[in-house]
Amino acid sequence: MKRTLLLLCLALPLGAAPPESFFLALHAVETGGKLGAIRGDNGAALGPLQIHKSYWLDSGVKGSYSQCSGLAYSRAVVSAYMRRYAPRAWAGGTDLETLAKIHNGGPNAMKATGQKLTNLNRYWKKIQEHLK
């Protein structure tokens, strides 16, 4: 039993994350691939991945919110946020639907109903178009 568990642990990729195509799709959908201090959602979101201040705070990434205008920093924020709110999806690196919906709809996105669910499904469809 211990040997099987050890073999399973060794088989798991260390620090697995979604493919690069996931970040490229987020970037394309959020800002059309633009870089810099892009403001969206009536000024509530910042940068190439459209990070809201509450999202940034929840991520726990050190620095300042204004740094979300940089793509590398925004990616670090998304990574930390997903490790916090979608650890299984992040570690597996393949449940891109969960990651996309949580990015767009927050930590409870996978429990959404009604219009919010409709909007999240629309968002996921846009992401999928850029994953092809």
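A salt bridge is a side-chain nitrogen of Lys or Arg within 4 Å of a carboxyl oxygen of Asp or Glu. With that in hand, welcome to a set of close-up views of this predicted model.

**Figure 1. A salt bridge inside helix α6 joins lysine 101 and glutamate 97.** The side chains of these two residues meet with N and O 2.7 Å apart, which is within the 4 Å that a salt bridge allows. Both lysine 101 and glutamate 97 belong to helix α6, where four residues, or about one turn of the helix, separate them. Their surroundings are worth a look too. Lysine 101 has a relative accessible area of 5%, so lysine 101 is buried. Glutamate 97, at 28% relative accessibility, counts as partly exposed. Searching the whole structure gives three salt bridges, and the next two views show the others.

**Figure 2. Arginine 75 and glutamate 20 form a salt bridge.** Here the closest N and O atoms are 2.8 Å apart. Arginine 75 sits in helix α4 and glutamate 20 in helix α2 (residues 20-31), so this pair ties together parts of the chain that are 55 residues apart in sequence. How exposed is each partner, arginine 75 and glutamate 20? Arginine 75 counts as partly exposed, with a relative accessibility of 23%. Glutamate 20 is partly exposed as well, at a relative accessible area of 41%.

**Figure 3. Aspartate 58 meets arginine 84 in a salt bridge.** The distance from N to O is 3.9 Å in this pair. Aspartate 58 comes from helix α3 (residues 53-59) and arginine 84 from helix α4, so the bridge ties together parts 26 residues apart in sequence. Aspartate 58 has a relative accessible area of 27% and is partly exposed.

**Figure 4. Helices α4 and α6 pack against each other.** Two packed helices are described by the angle between their axes and the distance between the axes. For helix α4 (residues 71-85) and helix α6 (residues 96-105), the angle is about 105° and the axes lie 11 Å apart. That angle makes α4 roughly perpendicular to α6. Which residues of α4 and α6 make the contact? From α4 come Val78, Tyr81, Met82 and Tyr85, and from α6 come Leu99, Ile102 and His103. Sorted by class, the contact holds six nonpolar residues, one polar residue and no charged ones.

**Figure 5. The rings of tyrosine 55, tyrosine 81 and tyrosine 85 form aromatic pairs.** The count of aromatic pairs comes to five. In one of them, the ring centres of tyrosine 55 and tyrosine 81 are 3.7 Å apart and the ring planes lie at 5°, so this pair is stacked. This pair links distant parts of the chain, with tyrosine 55 in helix α3 and tyrosine 81 in helix α4, 26 residues apart. Both of these tyrosines are buried. Tyrosine 81 also pairs with tyrosine 85: the centres are 4.8 Å apart and the planes are at 55°, so the pair is tilted. Tyrosine 81 and tyrosine 85 both lie in helix α4, four residues apart, about one turn of the helix. The relative accessible area of tyrosine 81 is 3%, whereas tyrosine 85 counts as partly exposed at 25%.

**Figure 6. Phe22, Phe23 and Trp90 make up an aromatic cluster.** In this last view, follow the rings from one residue to another. Ring pairs link Phe22, Phe23 and Trp90 together into the cluster.

Conventions: Residues are numbered from 1 along each chain as its sequence is written. This is a predicted model: local features need pLDDT of at least 70, side-chain atom pairs count only at pLDDT 80 or more; totals for chains, interfaces and linings use all residues. Side-chain values use heavy atoms; hydrogens and water are left out. Axes are lines fitted to C-alpha atoms, for helices over the stretch in contact, and angles run from 0 to 180 degrees between N-to-C directions. Helices (H or I, at least four residues) and strands (E, at least two) are DSSP runs, numbered from the N terminus. Angles under 35 degrees count as roughly parallel, over 145 as roughly antiparallel, 65 to 115 as roughly perpendicular and the rest as oblique. Contact means heavy atoms within 4.5 Å. Ala, Val, Leu, Ile, Met, Phe, Trp, Tyr, Cys and Pro count as nonpolar, Asp, Glu, Lys and Arg as charged, and the others, Gly among them, as polar. Buried means under 20% relative accessible area, exposed over 50%, partly exposed in between (1.4 Å probe, protein chains only). Rings of Phe, Tyr and Trp (its six-membered ring) pair if their centres lie within 6.5 Å; planes under 30 degrees apart count as stacked, over 60 as edge-to-face and the rest as tilted.
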